[in-house]
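Here is a short note for a colleague who has not looked at this entry before. Please read it with the structure open.

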Amino acid sequence: MARINENYLKLQAGYLFPEIGRRVRAFTESNPDANVIKMGIGDVTQPIPPAIIKAMHDAVDEMASAETFRGYGPEQGYAFLREAIASNDYQQAGVQIDADEIFVSDGSKCDCGNILDIFGDDNRIAVLDPVYPVYVDTNVMAGHTGPADDNGRYENLVYMPVTAENNFEPELPSEPVDIIYLCYPNNPTGVVATHETLTKWVEYATQNKAIILYDAAYVAFISDPDVPRSIYEIPGARKVAIEMRSFSKNAGFTGVRCAFTVIPKELMGYGKDGQEHAIHPLWNRRHCTKFNGVSYPIQRGAEAAYSEEGKAQIESLISYYMHNAKLLREGLTSMGFEVFGGENAPYVWLKTPSDMNSWEFFDHLLDKCHVVGTPGSGFGAAGEGYFRLSAFNSPENTEEALKRIQDSVSAGIK
Ligand SMILES: *Cc1c(COP(=O)(O)O)cnc(C)c1O
């Protein structure tokens, strides 16, 4: 009798994005002429910059001749890419990370889930609430939680609410935790962490022999010079933190797939007997056993993201999206909405008006404005009463959406 992993049965059925899709389809079926503006899912809309496309084309051509053809590459990534990452993203910013501490992969979403392979099942796991759902669901699948309650919160996970009430600053857990997921710039709230906040976490992790999983997928959207780019800017972080970055949101690789995870050599985990073990060789073993590397043309494309041309083209992509974020922030604020994020992240997080809950506001925006956003409650219980709008769109659509929201506000929401 083939037994299944019953942890999968604990997963909440109505996953956020399918439910949004269902409601949007129902709406467009009964309103086929409506021009629906989608500001929901966090996917980029602009094409990949030309310097990167050129590098990928050239690499494809190399595969066409016996002299330049490449078969299996190093599982951890080609040296040319790992060195470009270590140098550009870390060393040039004064952060000590070596090329052999970088593991190139096919996505940060994948890395977030896969990393659990090397950790024990008896760790206490802490997440922010609201949260990127992947951190929670992968822990449910791995059997690290009990069942979900009526709010969708799983037993044994430690949730750290981040709301306007605490200024989106999570409190340290009152019970000891072993693994802490942090995401800055944050999805979904669009807020960033200060040096003080990250220092607090690095100190906590050091004292508790815990590990921080730091998701920096949106680092390219930070413009404020005082906001830390990497957790490794914090002294001591090399001993307690794993950082994940992706080419998805800066270079438009959501469909192309390339990302990386940083595991410093000093990072330690512990056996049942309390004995210290380096994490680097464990992850190296896992990565080499279960993964065969990112395709060569894609790694050449990622490398080109660090060329002078590539950097300039990415910068203009980021400004394109961040202009939309500014329009959203300013437009919604002037209409009287309470707005967070959107300054160093492509997401704007707003408080729903008139005491509507997140899904009520979703339906209102869809029915009255033909605008699709993401209900905050879909990211966790503490996201109830909030709503996410994404800057991954055109300025024309962003302005049109704002105009429609303004009209609906003037007509009196509800
Ligand atoms: C988009 C996103 C990622 C990137 O995932 P990929 O698998 O690299 O495309 C990672 N973390 C968060 C929070 C994201 O929103």
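The points below take up the sheet, the cores and one side chain in turn.

1. The model is predicted. Everything said below is computed from that model, and local features rest on residues with pLDDT of at least 70.

2. The sheet is open and has 7 strands, in the order β2-β8-β7-β6-β5-β3-β4. Its pairing is mixed. From one strand to the next, the twist averages 20°.

3. Which strands stand at the edges of this sheet? They are β2 (102-105) and β4 (157-161). Each has a single partner strand, so one side of each is left without a neighbour in the sheet.

4. Strands of a sheet can pair in parallel or antiparallel fashion, through backbone hydrogen bonds. The parallel case is seen here between β5 (residues 179-183) and β6 (residues 211-215), which are joined by 5 bridges. Within that pair, Tyr-181 has Leu-213 of β6 as its bridge partner.

5. Strand β8 takes part in antiparallel pairing with β2, through 4 bridges, and with β7 (residues 241-246), also through 4 bridges. On the β2 side, Val-104 stands opposite Phe-260 of β8. On the β7 side, Glu-243 stands opposite Val-262 of β8.

6. The side chains of β8 (residues 259-262) alternate: Ala-259 and Thr-261 point one way, while Phe-260 and Val-262 point the other way. Are these four residues buried or exposed? All are buried.

7. The largest nonpolar core holds 107 residues. Ile-180, Ile-212, Phe-247 and Leu-332 touch the most other members of it. Helix α10 (residues 308-334) gives the most to this core, namely 9 residues. Why does the core lie between the two domains? Domain 1 (12-47 + 309-410) and domain 2 (52-307) both give residues to it, so it lies between them.

8. Ile-180 can be looked at more closely. Neighbours within four places in sequence aside, Ile-180 is in contact with Ala-126, Met-160, Trp-201, Tyr-204, Ala-210, Ile-211, Ile-212 and Leu-213. A second core, separate from the largest one, has 27 residues, among them Val-134, Val-136, Val-140 and Met-244.

9. Asn-88 sits in helix α3 (residues 79-90). A polar atom of its side chain lies 2.8 Å from the backbone oxygen of Ala-84. The side chain of Asn-88 also makes a polar contact of 3.0 Å with the side chain of Lys-311. With neighbours within four places in sequence left aside, Asn-88 is in contact with Tyr-306 and Lys-311.

Note on methods. Residues are numbered from 1 along each chain as its sequence is written. This is a predicted model: local features need pLDDT of at least 70, side-chain atom pairs count only at pLDDT 80 or more; totals for chains, interfaces and linings use all residues. Side-chain values use heavy atoms; hydrogens and water are left out. Helices (H or I, at least four residues) and strands (E, at least two) are DSSP runs, numbered from the N terminus. A polar contact is a pair of N or O atoms within 3.5 Å; within protein, one must be able to donate a hydrogen and the other to accept it, and residues adjacent in sequence count only if both atoms are side-chain atoms. Contact means heavy atoms within 4.5 Å. A nonpolar core is a set of buried Ala, Val, Leu, Ile, Met, Phe, Trp, Tyr and Cys residues joined through side-chain atoms within 4.5 Å. Buried means under 20% relative accessible area, exposed over 50%, partly exposed in between (1.4 Å probe, protein chains only). Domain bounds come from an automatic or database domain assignment. Two strands pair if DSSP finds at least two bridges between them. Axes are lines fitted to C-alpha atoms, for helices over the stretch in contact, and angles run from 0 to 180 degrees between N-to-C directions.
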